[in-house]
Amino acid sequence: MASSMAHKFDSYWSKFHGIMVVATILDPRYKMKVMECYFPSLYRDGSSYKINKIQEVLLRMVGEYEQKYKTSQASSSSPTHVSPSQSTMGPPKRKMSRFDQYITEVPCTTIHVKTVLEYYLEEPVIPRVENFDILT
């Protein structure tokens, strides 16, 4: 019975997994860093492959979007930087404490940016704060 339930869970999870991954990456507090933190525990040796596949899918999606909706060269907008609030979340919640520690230990690197997505992913994550409003 447990095997049957695990199989059902895996089939449902695989459908929603991609949606959740994209939503998480688009959250400026997590980006790809949360995958880099947790995927090695989840997928062991296959984690690098999974992370690379996610990056490929994201870049392909952005490429398709850019082809459909090219912005005019005349209107240039520079990315805005959201400064974190002064109030921190206090003690980290148990579920995310490993991620919080990982972010403080991983050096922030920058590379030549080719797309808006790559630029976004290379920026440091925004610190997790209480009352975070993603629209702000």
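This is a short walk through one predicted model, from its overall fold to its core and then to a few charged residues.

Let me begin with the chain as a whole. The secondary structure amounts to five helices and zero strands, so that reading from the N terminus the order of elements is simply α-α-α-α-α. Of the 136 residues in the chain, 21% are buried. The accessible surface comes to about 10,900 Å², and carbon and sulfur atoms account for 58% of that area. As for how the chain folds back on itself, if we take the contacts between residues at least 6 apart in sequence, 70% of them join residues that are at least 24 apart.

Now to the interior. The largest nonpolar core contains 17 residues, and those with the most contacts inside it are Ile25, Met32, Val34, Met35, Ile54 and Phe99. Each of the five helices, that is H1 (2-25), H2 (33-43), H3 (47-68), H4 (94-105) and H5 (116-122), supplies at least two residues of this core, and the largest share, five residues, comes from H2. If you would like one residue to centre your view on, I suggest Ile54, which, once its neighbours within four places in sequence are left aside, is in contact with Val21, Ile25, Met32, Met35 and Phe39.

From there I would like to turn to Arg29, which sits in the loop between H1 and H2. Is this arginine buried or exposed? With a relative accessible area of 17%, Arg29 is buried, because the cut-off for that label is under 20%. Its side chain is joined to the side chain of Asp27 by a polar contact of 2.6 Å. Beyond its neighbours within four places in sequence, Arg29 is in contact with Phe99, Val125, Ile126, Pro127, Arg128 and Phe132. Phe99 is also one of the residues with the most contacts inside the core we have just looked at.

Arg128, which appears in that list of contacts, brings us to the salt bridges, of which the structure holds six; I will describe three. Arg128 forms a salt bridge with Asp100, and the closest N and O atoms are 2.8 Å apart. Because Arg128 lies in the segment after H5 while Asp100 lies in helix H4, this pair ties together parts that are 28 residues apart in sequence. The two partners also fall into separate accessibility classes, since Arg128 counts as buried at 13% relative accessibility, whereas Asp100, at 22%, is partly exposed.

The other two pairs each lie within a single helix. Glu36 and Lys33 meet through their side chains in a salt bridge of 3.6 Å, N to O, and both residues belong to helix H2, three residues apart, or about one turn of the helix. Both are partly exposed, Glu36 with a relative accessible area of 26% and Lys33 with 21%.

In helix H3, the side chains of Glu64 and Arg60 form a salt bridge of 3.8 Å, N to O. What separates these two residues along the helix? They are four residues apart in H3, and therefore about one helical turn lies between them. Glu64 is partly exposed, with a relative accessible area of 45%.

To close, the points I would keep in view are the core to which H1, H2, H3, H4 and H5 each supply at least two residues, the buried Arg29 in the loop between H1 and H2, and the salt bridge from Arg128 to Asp100.

How values were computed: Residues numbered from 1 in each chain as written. Predicted model: local features only at pLDDT ≥ 70, side-chain atom pairs only at ≥ 80, totals over all residues. Heavy atoms only, no water. Core = buried A, V, L, I, M, F, W, Y, C linked by side-chain atoms within 4.5 Å. Buried < 20%, exposed > 50% of the residue type's maximum accessible area, 1.4 Å probe, protein only. Contact = heavy atoms within 4.5 Å. Areas by Shrake-Rupley, 256 points an atom, 1.4 Å probe, with all protein chains shown as cover. Polar contact = N/O pair within 3.5 Å; in protein donor to acceptor, adjacent residues only side chain to side chain. Salt bridge = Lys/Arg side-chain N within 4 Å of Asp/Glu carboxyl O.
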